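This briefing walks through one protein model, topic by topic, for a reader at the bench. Please keep the sequence and the structure open while reading, so that each residue can be located as it comes up.

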Amino acid sequence: MDFNMKKLASDAGIFFTRAVQFTEEKFGQAEKTELDAHFESLLARADSTKNWTEKILRQTEVLLQPNPSARVEEFLYEKLDRKVPSRVTNGELLAQYMAEAASELGPTTPYGKTLIKVAEAEKRLGAAERDFIHTASINFLTPLRNFLEGDWKTISKERRLLQNRRLDLDASKARLKKAKAAEAKATTVPDFQETRPRNYILSASASALWNDEVDKAEQELRVAQTEFDRQAEVTRLLLEGISSTHVNHLRCLHEFVESQTTYYAQCYRHMLDLQKQLGSSQGAIFPGTFVGTAEPASPPLSSTSPTTAAATMPMGPSVADLAPPGEAALCLEEVAPPASGTRKARVLYDYEAADSSELALLADELITVYSLPGMDPDWLIGERGNKKGKVPVTYLELLS
């Protein structure tokens with residue numbers, strides 16, 4: 001018990017000394033040991049890395065789970081070391097509602113059939129979203145969270161310890177400075193002028209006492225300097241490890257981009273398939289109407305030019321495929337446009353014809369377009385003067 005009391009008193013004395021030193025530094029009444037410029041730059045880079053990692057982590061969590069209540073629930077489950085319950089995605093929930101609506105409204109009706117098709121596509125989108133969230137959480141969020149909860153806590157602990165060592169060092173310097181000043185004063189001024197008669201004996205030996213105090217302060221300063229240098233080296237090595245952290249986060253960022261690219265590519269394929277299905281069913285449900293998109297389509301999501309992207313798009317059926325079975329295919333020049341259903345269209349992007357059955361396009365030109373029975377909804381017949389040919393719908397803006 002005595003040992004614990006002594007240790008408690010010692011710790012309280014150290015804490016009080018550090019508090020006094022810190023306060024005097026804030027008011028400019030004490031000198032402060034400054035770290036070198038390289039060390040300060042390491043500290044600044046570490047703080048910046050920590051701050052931006054937190055922001056990127058939080059915003060990525062918002063991207064993957066926009067519902068704040070769900071994020072709080074997942075956070076509590078993680079803190080309690082319990083498994084997060086499986087949660088359906090918004091796409092899967094929408095697919096469920098559409099399927100139930102089709103079942104109640106009539107799965108054999110045109111509206112019911114379309115609801116079923118869209119529900120299946122939304123279900124696939126929800127499954128792709130679930131895979132993306134899982135992959136991004138493991139490959140991107142987990143490394144960032146491990147840095148904040150592991151490496152950064154270690155760095156913060158060592159920095160606080162370095163701050164305490166610096167305060168001890170500066171306090172030792174201040175104590176030595178005061179002891180030397182008192183020793184010099186006791187040596188130059190007669191004892192009887194500085195003390196009262198009842199303290200004469202103590203005053204006579206003041207010089208010797210201050211000499212011992214100086215020796216003790218110098219010994220404490222050497223110990224404090226050694227501990228400070230050792231702690232500064234440990235902290236410096238940890239701060240230099242931030243470079244390795246950047247390399248690790250860079251790799252995780254590449255994996256996040258790859259998973260996001262895969263996710264959006266899957267979504268594009270699912271929606272493209274759905275668009276084809278709806279286009280075919282629209283032609284069957286509304287015969288004689290124009291098959292196409294009323295709004296201008298977006299350019300292909302690729303870094304290549306529209307011409308190159310068009311070459312990689314699924315090709316529609318050839319003219320021979322459009323002919324009824326058992327009959328010879330007609331040339332496009334022999335195909336007469338329908339009496340009604342022709343429309344004007346503005347070309348959005350340049351398009352290079354892949355073969356003689358297609359019509360080359362130039363951006364901003366106006367052409368006449370129409371559809372033929374049984375034709376792929378992604379393609380139309382375009383006319384410009386005496387020239388005819390197939391043209392992709394995604395390259396057109398329908399005007400009238």
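D364 sits in the loop that links β1 (343-347) to β2, and, as this is a predicted model, what follows describes a computed structure. The phi angle of D364 is near 75 degrees, which is a positive value in a residue other than glycine. With a relative accessibility of 53%, D364 counts as exposed.

**The sheet**

- Five strands make up an open sheet in the order β4-β3-β2-β1-β5, and the pairing within it is antiparallel.
- Because β4 and β5 (396-398) stand at the edges and have a single partner strand each, one side of each of them is left without a neighbour in the sheet.
- From one strand to the next, the twist averages 40 degrees.

**Strand β3 and its partners**

- Strand β3 (residues 379-384) has five of its six residues buried, and it is therefore largely enclosed by the rest of the structure.
- On one side, strand β2 (residues 366-370) runs antiparallel to β3 and is joined to it by three bridges; within this pairing T368 stands opposite E383, while V369 has G382 as its bridge partner.
- β3 also pairs with strand β4 (residues 387-392), again in the antiparallel sense, and here there are six bridges, with R384 of β3 standing opposite K387 of β4.
- β3 and β4 form a hairpin with two residues between them, and in that turn G385 has a positive phi of about 70 degrees.
- As background for reading such a sheet, side chains in a regular strand alternate between its two faces.

**The nonpolar cores**

- The largest nonpolar core holds 33 residues, and the members that touch the most others are F132, F140 and L239.
- The elements that contribute two or more residues to this core are α2, α5 (110-188), α8 (206-240) and α9 (242-285), and the largest share, 15 residues, comes from α5.
- If residues up to four places away in sequence are not counted, L239 touches F39, L42, L43, R45, A46 and I155.
- Another core, of 20 residues, lies apart from the largest one, and V347, I367, L396 and L398 are among its members.

**T60 in helix α2**

- T60 belongs to helix α2 (residues 37-64), and, since its relative accessible area is 8%, T60 counts as buried.
- Beyond its neighbours within four places in sequence, T60 is in contact with F140, L141 and F256; of these, F140 is also one of the residues that touch the most other members of the largest nonpolar core.

**V118 in helix α5**

- V118 is found in helix α5, and its relative accessible area of 15% falls under the 20% limit, so V118 is classed as buried.
- Which residues does V118 touch, when those up to four places away in sequence are not counted? They are M98, L274 and L278.
- V118 and Q275 are 157 residues apart along the chain, and yet their C-alpha atoms are separated by 9.4 Å.

**Cysteines**

- How many disulfides does a search of the whole structure find? The search finds zero disulfides.
- C252 is buried, with a relative accessible area of 1%, and C267 is likewise buried, with a relative accessible area of 12%.

**The chain as a whole**

- The secondary structure of the protein chain consists of eleven helices and five strands.
- The protein chain has 400 residues, of which 31% count as buried.
- The area that the protein chain exposes is about 25200 Å², and 58% of this area is supplied by carbon and sulfur atoms.
- When contacts between residues at least 6 apart in sequence are considered, 72% of them join residues that are at least 24 apart; the contacts of V118 with L274 and L278 give a specific place in the model at which to look at residues brought together in this way.

Notes. Residues numbered from 1 in each chain as written. Predicted model: local features only at pLDDT ≥ 70, side-chain atom pairs only at ≥ 80, totals over all residues. Heavy atoms only, no water. Buried < 20%, exposed > 50% of the residue type's maximum accessible area, 1.4 Å probe, protein only. Helix = DSSP H or I, 4+ residues; strand = E, 2+ residues; numbered from the N terminus. Pairing = 2+ DSSP bridges. Axes fitted to C-alpha atoms, helices over the stretch in contact; angles between N-to-C directions. Contact = heavy atoms within 4.5 Å. Areas by Shrake-Rupley, 256 points an atom, 1.4 Å probe, with all protein chains shown as cover. Disulfide = S-S within 2.5 Å. Core = buried A, V, L, I, M, F, W, Y, C linked by side-chain atoms within 4.5 Å.
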